[in-house]
Each structure stands twice: as C-alpha cells, then as structure tokens.
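Colleague: I have some questions about this model before I take it to the bench. Could you go through them with me?
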Amino acid sequence: MVKRSRSRRAAEGAWGLVLLARVLGLGALAALILASGAWASWRTAQHVMLTKGREHGTVTLAACGDSTCTGPFAPSGSATARSKVTISLPIRHQVGDKVPAVIKPGTDTAVRAGFGGLLFAWVPLGGSLLLAAVVVGGGLRMPRTAWTLAAAGAALLGGAFLTL
C-alpha cells in the first residue's frame, strides 16, 4: 500500500467536495428551471384543466394582433355573453375563426380550451424541459436523462404546434 502525504490527502478531499458541489449546484439549477416552467405553465393550464365552475363558450375572432386576438364571447350553458374578450393565440388563426375558450375568473381574458389549449398552456414547461436537458447532459453528465428530458420537451412543443 502506498502511503500518501497529508497535503495530498487534503487536496483529494477538497476535489471531492468540489465535485459534490458541482452535482448539487447543477441539480438545484435543473430543478429550479423545471419548477419555474411548471409554475409559468400552471397559471394558464389551471383554467383549461380545472373547468368546473368556469365560463365555457366560443370566441369569434374579430381583430388579431401579433400575439393576441379579440372578439365577442358566445357562452355555452349558463355563462354570460361578453362583447369583447382577449385571447392569446398563435399566428395560424384568422379573423372570423371560432375558437373554444374558457374565461379566466374575474377578467375579460379567455384561454383556449380543448386538447390544443391544454398543450398550448404547457408550452413554458416544454421549453424548460429542453433547457434543463442541456444542464443535465452537459453539467451533470447524465446523457440518458438529458435525452429523455429533451424528448419530452420536444414532444410537448411539437404537439402544441400541431394542434394549434
């Protein structure tokens, strides 16, 4: 057995602490990225997923800007009709289209309903999955986990693109 000096043993112990700090720090960064993406998505997704007691109907697009459209809301059921609501939609929609929507409580803001609206609401999580994949693959050196995160993020973003 080879005997090592005290300074060499201390340096090896310090290097182990540096590696542990790297794993813990990058793991916390990846968790923070995923949590912030889920939090940003949930602010919109809760209205699409938890629909009990919310106002359902369709929005007929009257005017569209860069990222939002406005138009009258025609309710289905006991909801109240509104002359003008704002809905965030991608560019594919045109004036005159009818979009199923849910009204956010206490506002004149609508969120797209249905499967396409659900995927569109979770787009921030898809982006955070892709970003976390880079951190996990490059920083933590866990390529299989990184590819899994990237595939889940790409599937979510691709599904949102295809359904809208």
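Colleague: Which element supplies the largest share of the lining of the largest pocket?

Modeller: This is a predicted model, and its largest pocket has a volume of about 220 Å³. Elements that each supply at least two residues of the lining are α1 (6–49), β4 (82–88), β6 (109–112) and α2 (114–121). The largest share, four residues, comes from β6.

Colleague: How do the residues of that lining divide into nonpolar, polar and charged?

Modeller: The largest pocket is lined by 15 residues, and those closest to its centre are T44, S88, K104, V111 and F120. Taken over the whole lining, the division is seven nonpolar, six polar and two charged.

Colleague: β6 also has strand partners. Which strand pairs with β6 in the parallel sense?

Modeller: Two pairings of β6 can be set side by side. β5 is joined to β6 by three bridges, and these two strands run antiparallel; within that pairing, I103 has A110 as its bridge partner. A110 is also the bridge partner of I87. The parallel pairing of β6, over two bridges, is with β4.

Colleague: What stands opposite C69 in β4?

Modeller: Strand β3 (residues 68–75) and β4 pair in the antiparallel sense, with five bridges. They form a hairpin with six residues between them, and G77 in the turn has a positive phi of about 100°. Opposite C69 in β4 stands I87.

Colleague: In the hairpin of β5 and β6, which residue takes a positive phi?

Modeller: There are five residues between the strands of this hairpin. A phi near 80° is taken there by G106.

Colleague: How many bridges join β1 to β5?

Modeller: β1 covers residues 55–60 and β5 covers residues 98–103, and the two run antiparallel. One of the pairs is T58 with P100 in β5. The number of bridges joining β1 to β5 is six.

Colleague: Which residue other than glycine has a positive phi, near 55°?

Modeller: Most residues other than glycine have a negative phi. The residue in question is found in the loop between α3 (123–139) and α4 (143–163). Its relative accessible area is 63%, so it counts as exposed, the cut-off being over 50%. The residue with phi near 55° is R141.

Colleague: Is G27 buried, partly exposed or exposed?

Modeller: G27 lies in helix α1. C-alpha to C-alpha, G27 is 7.5 Å from V136 in space, although 109 residues separate the two in sequence. The relative accessible area of G27 is 27%, and since buried means under 20% and exposed over 50%, G27 is partly exposed.

Colleague: What is the radius of gyration of the protein chain?

Modeller: The C-alpha trace spans about 85 × 30 × 25 Å along its principal axes. A compact globule of 164 residues would have a radius of gyration near 15 Å. For the protein chain the value is 24 Å.

Colleague: Among contacts between residues at least 6 apart in sequence, what percentage join residues at least 24 apart?

Modeller: The protein chain has four helices and six strands, in the order α-β-β-β-β-β-β-α-α-α along the sequence. Of its 164 residues, 30% count as buried. Among the contacts you ask about, the share joining residues at least 24 apart is 56%.

Key:
Residues numbered from 1 in each chain as written. Predicted model: local features only at pLDDT ≥ 70, side-chain atom pairs only at ≥ 80, totals over all residues. Heavy atoms only, no water. 1 Å grid on protein atoms, 1.4 Å probe; cavity = no way out; pocket = protein on both sides within 12 Å on 5 of 7 lines; lining within 4 Å. Points joined across faces, edges and corners; volume = space filled by probe spheres on them. Nonpolar A, V, L, I, M, F, W, Y, C, P; charged D, E, K, R; others polar. Buried < 20%, exposed > 50% of the residue type's maximum accessible area, 1.4 Å probe, protein only. Pairing = 2+ DSSP bridges. Rg over C-alpha atoms; globule rule 2.2 N^0.38 Å. Contact = heavy atoms within 4.5 Å.
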